[in-house]
Amino acid sequence: MKKHFFKFIAKLNKALLPSFTKKKLDITKASKFQLAIIGWKAFVTMNSLD
């Protein structure tokens, strides 16, 4: 159940949240909001792969 939930959230993230790798964002120059989005995407990805 948990894995299915996070897979669904991962698909929503991909559709709604911006991709910073395509924009070639430099992590050292990222704002706190951008870092929060990167952290959230990483958290969801790790939980969907378990």
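## Proline 18 and its contacts

Beyond its neighbours within four places in sequence, proline 18 is in contact with Lys23 and Lys41. The model is a predicted one. Proline 18 sits in the loop between H1 and H2. Its relative accessible area is 27%. That value makes proline 18 partly exposed, because the buried class ends under 20% and the exposed class begins over 50%.

Isoleucine 38 lies 20 residues from proline 18 in sequence. In space, the C-alpha atoms of the two are 9.6 Å apart.

## Lysine 24

The loop between H1 and H2 also holds lysine 24. Lysine 24 is not a glycine, yet its phi is positive, at about 55 degrees. Is lysine 24 buried or exposed? Its relative accessibility is 74%, so lysine 24 counts as exposed.

## Overall layout

The protein chain has two helices and zero strands. Its C-alpha trace spans about 35 × 15 × 15 Å along the principal axes. Of the 50 residues in the chain, 18% count as buried.

## Helix H1

H1 has 15 residues. From first C-alpha to last, H1 reaches 21 Å, close to the 21 Å expected at 1.5 Å a residue. Phe6, Ile9 and Asn13 are buried in H1. They cover an arc of only 60 degrees around the axis, which puts them on the same side of H1.

The buried residues of H1 pack against H2. The face of H1 turned away from that buried side carries His4, Lys11, Lys14 and Ala15, which are exposed.

## Helix H2

Helix H2 runs over residues 32-49 and has 18 residues. Its reach from first C-alpha to last is 26 Å, close to the 26 Å expected at 1.5 Å a residue. Which residues of H2 are buried? They are Ile37, Val44, Asn47 and Ser48. Seen down the axis of H2, these buried residues fall within an arc of 105 degrees, so they line one face of the helix.

The packing partner of the buried residues of H2 is helix H1, residues 2-16. On the face of H2 turned away from its buried side are the exposed residues Lys32, Met46 and Leu49.

## Serine 48

Serine 48 lies in helix H2. Its relative accessible area is 8%. Serine 48 is therefore buried, since the cut-off is under 20%. Setting aside residues up to four places away in sequence, serine 48 touches Lys3, Phe6 and Lys7. Of these contacts, Phe6 is one of the buried residues of H1.

Lysine 32 is 16 residues from serine 48 in sequence. The two C-alpha atoms are 24 Å apart in space.

## The largest pocket

How much space lies in the largest pocket? The figure is about 150 Å³. Its lining consists of Ser19, Phe20, Thr21, Leu25, Ile27, Ile38, Lys41 and Ala42. By class, these lining residues divide into five nonpolar, two polar and one charged.

Two of the lining residues, Ile38 and Lys41, also appear in the account of proline 18. Lys41 is in contact with proline 18, and isoleucine 38 is 9.6 Å from proline 18, C-alpha to C-alpha.

Technical notes: Residues numbered from 1 in each chain as written. Predicted model: local features only at pLDDT ≥ 70, side-chain atom pairs only at ≥ 80, totals over all residues. Heavy atoms only, no water. 1 Å grid on protein atoms, 1.4 Å probe; cavity = no way out; pocket = protein on both sides within 12 Å on 5 of 7 lines; lining within 4 Å. Points joined across faces, edges and corners; volume = space filled by probe spheres on them. Nonpolar A, V, L, I, M, F, W, Y, C, P; charged D, E, K, R; others polar. Helix = DSSP H or I, 4+ residues; strand = E, 2+ residues; numbered from the N terminus. Expected span 1.5 Å × (residues − 1). Buried < 20%, exposed > 50% of the residue type's maximum accessible area, 1.4 Å probe, protein only. Arc of directions from axis to C-beta. Contact = heavy atoms within 4.5 Å.
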